[in-house]
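Trainee: Please take a close look at one part of this structure, the open sheet, and at the aromatic rings as well. How is it put together?

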Amino acid sequence: MPITRLNHAVLYVRDVERSVAFYTDVLGFRVLGVLPEGFRGAAFLQAPGSTNDHDLGLFEIGSAAAASPAGRGGAVGLYHLAWEVDTLAELDRLAARLSEAGALVGASDHGTTKSLYAKDPDGLEFELFWTVPEGQPAGTRPLDLEHELSRRGL
């Protein structure tokens, strides 16, 4: 039985309310359910346009939680999650939202995708990308989003 896609991700966060605010206000996720404090605080969110029962689970572990060491000092762990948007204009809109929130940390043109990289309030990195219909692998270079929008008449 082949795997066809990733259905959801679950993240440990310091403050579930702060994380819910970020994912709903900045990325437009919708809250589906929240568990009471006795469960350490948890929330389940759905991305706009998703048909999944949830796309993101958030479990609170408290303000004293250490930052993830993944990628630093030889520690293994998850680097980032990547979510696809349906249009280049939507990627541009989200670039502005992420910048306003102080969360945008990078942008890349991979030839086959145009990507934004950002961090949530706990410093967990994620990618938002648009798939280029005629894209060809081209390594990684800086993304000029304004040029791409202009080139495509947007």
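Mentor: Start in the sheet, where strand β7 (residues 113-119) and β8 run antiparallel and are joined by seven bridges. What you are looking at is a predicted model, with residues numbered from 1 along each chain as its sequence is written. Local features need pLDDT of at least 70, side-chain atom pairs count only at pLDDT 80 or more, totals for chains, interfaces and linings use all residues, and side-chain values use heavy atoms, with hydrogens and water left out.

Strands (E, at least two residues) and helices (H or I, at least four) are DSSP runs, numbered from the N terminus. Two strands count as paired if DSSP finds at least two bridges between them. In general, strands of a sheet pair through backbone hydrogen bonds, parallel or antiparallel.

One position to look up is Ser115, whose bridge partner in β8 is Phe129. Strand β8 (residues 125-131) also runs parallel to β5, and four bridges join the two. Here Leu81 has Phe126 of β8 as its bridge partner.

The whole open sheet has five strands in the order β5-β8-β7-β6-β9, with mixed pairing. Its edge strands are β5 and β9 (141-142), each pairing on one side only. Strand β5 (residues 81-84) has Leu81 and Trp83 on its covered face, while Ala82 and Glu84 are on the uncovered one.

Helix α2 (residues 88-100) lies across β6 (104-109), β7 and β8, at about 20 degrees to β7. Contact here means heavy atoms within 4.5 Å. Axes are lines fitted to C-alpha atoms, for helices over the stretch in contact, and angles run from 0 to 180 degrees between N-to-C directions.

Now the rings. Rings of Phe, Tyr and Trp (its six-membered ring) pair if their centres lie within 6.5 Å; planes under 30 degrees apart count as stacked, over 60 as edge-to-face and the rest as tilted. By this rule there are eight aromatic pairs. In one of them, the centres of Tyr23 and Phe29 are 5.8 Å apart and the planes at 75 degrees, so this pair is edge-to-face. Tyr23 and Phe29 are both buried (under 20% relative accessible area; exposed is over 50%, partly exposed in between, with a 1.4 Å probe and protein chains only). Ring pairs link these two with Phe22, Trp83 and Phe126 into a cluster. Trp83 is thus a residue to revisit, being on the covered face of β5.
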